[in-house]
Structures are given as C-alpha cells and as structure tokens.
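Visitor: Could you walk me through how the labels on this model are earned?
Guide: Gladly; here is the model.

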Amino acid sequence: MVIGLICSTSSLPGNTHRREKTQFASSSDISLLAHGLYLVGKGLKEHTDKMKEEMTAVSDQLDTYKNSIVNLGSQVRLIESDRRALTSKAEKLEIQDEDLHKRFMELRSEQMKAVQDQQSVTSKVDSLEGKLEQILGTLEKNKSADILFYRSVIELQKQHVDEILALTKAQQQQIDEQNMQIQLLVNKVSAFGLREHFNFKKNVKGNDNLADQWKIQKPASSDTDCHQIFKRGGKTSGVYSIQPKGAQLLQTYCRMTPESGWTVIQRRFDGSVNFDRSWLEYKAGFGDVYGEFWLGLESFYQIAHQDKYVLRIELEDWKNVTRFIEYTFMISGKDNEYSLIIGQVLTGDLSSAISDCKALPFTTKNQDNDLHTDINCAEQHSGGWWFSACGEANLNGKYLRSRINRRTDRKKGIFWKTWKGNYYSFKSTQLMIRPMRIMN
C-alpha cells in the first residue's frame, strides 16, 4: 500500500522534474566513492601483506623451536644411554669386587683347613713313630719272640708311615698352590688399593703434610694411643704403631690436630673395602690402615678401657660439606657384645643419631644383638653397627653414591638420619677417639 502511494505520487505532473533529477549520481560523488574504495582496498592489501609477513616470521620461529626440541630430545636420549651404560658398568664392577672377595675368603678357608689337616697328619706320624720305637724296644727286650712277625709288623707300619708322608706332601703342595692363588689375589687388590690411595692422597684437605701422610712411623712401646705419640712430638697425621695396656702391638691411622692426637677407629672415603662382614671380622678388624679400614671392636675396647675418652664422628656429603659431633662414651668388652653407651654431647654442628644413656650391643649379619625384637638390623641395612631400632644411623653400610635410587639399596647406605635422612649415603666418614684430658 505504501509502495503504491509512492508510485502514484511520483506520477503527478508536478513531480516529473524531481524524479528525473534524482535518477543519476553526480560525477563528483562517483569519484569520491571510487577514491574511498581505492583507499579501503589499499589499506586492506597493506594489512594483508603485513599479516603475511608476521605469519611467515611466526612460522620460522615455530620451525626453529621444533628443531631445538628435536635436538634436545636427541641429546636427552644420548645422555640417558650413557647413564644406563655407566650404571651397568658400575654394577658389573661391584659384582666382580664381591666375587673376588668371596673367592679370596674361600681360598683362605681352604688354606686354614689344609694347615689343620697337615698338623693332624704330622701328629699321626709322630704317634706312629712312637709306636715304632716301642716295638723296637720290645724286640730288644724279648729276643726270644718271633722276629719274622715283628719284621712284618714293622714293614706294615713303615708302609703306613710312607703313605701318610705322601699324603702330607700332597697337602703341602696344595697349600703352596693356594698360597700362590692368594698372593695373586692380594697383588690384584693391592694394585687397585694403591691407585685408590693415590687418588685419596690428592684429595685430602687440611693442613696436614701430604708428603708424610703415608709414611710408616717408628713404633714406641710406651705409646698406648695416638695422643701419647702426639705428646712425644709426633705432629704429623699418618700410620703409627701403638700398644694399649695389656694388649698386642697394632697399627692404626693417627689424626694429628694442633691440640691432640686422635686414634682412628673407622675410616671410609672411596668404597674400596667391603664393610658387610661377619662378627669375627668386626671383632678382629679389617681393611688397610693406609686407606679404608675398621680397627676392630677388641682393639677399640682395649684402647678406650685405659682412660676416659671422647668419641668424635665426622661426616662429609657429596658437596664436600663436613659436620662433626663429639661425645663422652663407654664401651664394654666381648662378654657384653661390645655395647656402646653414649653420654653427653660435648661439641659439634651435627645432631646426634645414636640413642644416649642406653647400652647398644654391636650387631652383624650373623650375630643379632640389636634392640629390635623382630628383625636383624645389620641383615636389613648391611654392615655392622650399634643399632637400636634400625633406622637412626649406620656408618658401616654399603658405599653408595649420594641419594639412593634403587629400592633394594634404600636404608643400606652410609646414613645418619638427623642429617639428610636415611635415604642419603655419605661420601666419607671417620670415627676417632682421644683421652678426655689432653694436657701435655
């Protein structure tokens, strides 16, 4: 209806000129419109070109990032491969070391058995010779006896003696062969230990004279501990001979400080000595006083029983940070399983991880003396120690590298719970003692 009205209105005579006038746009309007469209098109083109450049730059950066990620992935795979190879080599070396030690102990056991057999054979030979002398004496006394009978008896005895002598000779030959095998093993261990000692010598810290560190010091029968040597003028750390009261002469490492001389009971720094030992080995001592060693429970007791002593424990982590603690203490003899009683903390920046005022018997894998009622702590953690409830400390555990990753090795390293927990295995440890009164 509206459209129709517009059409009718436009058809009126008075409106004819107006309709003709509005049919076409002016040329200026068209030029202005064309120029505007040109500017819009030009702007769109510039914007499009700019967007293309930016997208090309982004695409190049993405390609660069992609290549970097690919390179990083390749490097990670190479590093992981190297790590696995090194881990495999380390495990193989550990197995070889354990097999070597096991073979060494088997040969030692066979040698001891052969020596006992030889002694038994020698005793039998002596007994037969005595009997033979008795028979000869009887022949002299009873000349009327049947000489032929006695001669046959003597011949039989001589044959028996010859057989025993041949057996003795064979056993002696076997002992000589075992001695050669043991010597070869000792030479291999010594060659390995020498390299480790040389490396340790280069890494020793402090003010000690490194050139004198490994010299064997002259013994003095009056030196009952390392502090006696210090008082006599021995100011250089190294291996010395001491003789506790009522005990045999023994060698140990003496740590000399400006104030006193410390007798070292235990020292570990490179894992060259296996500390997973039996009760008898911990009692007698093992290792090399020039490197890693355990002086022995009996020697520890004999030294500490002479006077009131101070126990110092030093730990070093894998960042070469060291801490220490010093205690008063008492240690019992073999009748009480070398029980350790920790007293007062005297000094140090290391928190205690040993139960105080409680007698802690020493425990090994084959002699369970710890305070835990259900398990053998040494069997669970490795090594031997004065365990209470197993998880507080063990400085005689397996020598591992930093934080323990393998589940089977957890709580089996050299740990001290109050510093870094019981999953961290330390780089080096030392246990040493000196008299409480150190007046010169």
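What follows is a short conversation about this predicted model.

Visitor: Why is Val58 called partly exposed?
Guide: Val58 has 44% relative accessibility. Partly exposed covers the range between under 20% and over 50%, so Val58 gets that label. The residue sits in helix H3, which spans residues 27–141.

Visitor: What makes Val58 eligible for a surface patch?
Guide: Patch residues need over 30% relative accessible area, and Val58 has 44%. Together with Leu62 and Tyr65, Val58 forms a nonpolar patch of about 320 Å² of accessible area.

Visitor: How do you know that Val121 is buried?
Guide: Val121 is also in helix H3. Its relative accessibility is 8%, and buried means under 20%, so Val121 counts as buried. Across 46 residues of sequence, Val121 and Leu167 are 8.2 Å apart, C-alpha to C-alpha.

Visitor: Why is helix H7 described as largely enclosed?
Guide: Helix H7 runs over residues 297–304, and six of its eight residues are buried, so the rest of the structure largely encloses it. The buried ones are Leu297, Ser299, Phe300, Tyr301, Ile303 and Ala304.

Visitor: What makes Trp386 stand out in the largest nonpolar core?
Guide: That core has 62 residues, and Trp386 is among those touching the most other members, along with Ile313, Phe329, Ile331, Trp416 and Ile433. Leaving aside residues up to four places away in sequence, the contacts of Trp386 include Leu297 and Phe300, both buried residues of H7. Apart from this core lies another, of five residues, including Val121, Leu128, Val161 and Ile164.

Definitions and conventions: Residues numbered from 1 in each chain as written. Predicted model: local features only at pLDDT ≥ 70, side-chain atom pairs only at ≥ 80, totals over all residues. Heavy atoms only, no water. Patch = residues over 30% accessible without salt bridge, like charges linked within 9 Å, V, L, I, M, F, W, Y side chains within 5 Å. Areas by Shrake-Rupley, 256 points an atom, 1.4 Å probe, with all protein chains shown as cover. Salt bridge = Lys/Arg side-chain N within 4 Å of Asp/Glu carboxyl O. Helix = DSSP H or I, 4+ residues; strand = E, 2+ residues; numbered from the N terminus. Buried < 20%, exposed > 50% of the residue type's maximum accessible area, 1.4 Å probe, protein only. Core = buried A, V, L, I, M, F, W, Y, C linked by side-chain atoms within 4.5 Å. Contact = heavy atoms within 4.5 Å.
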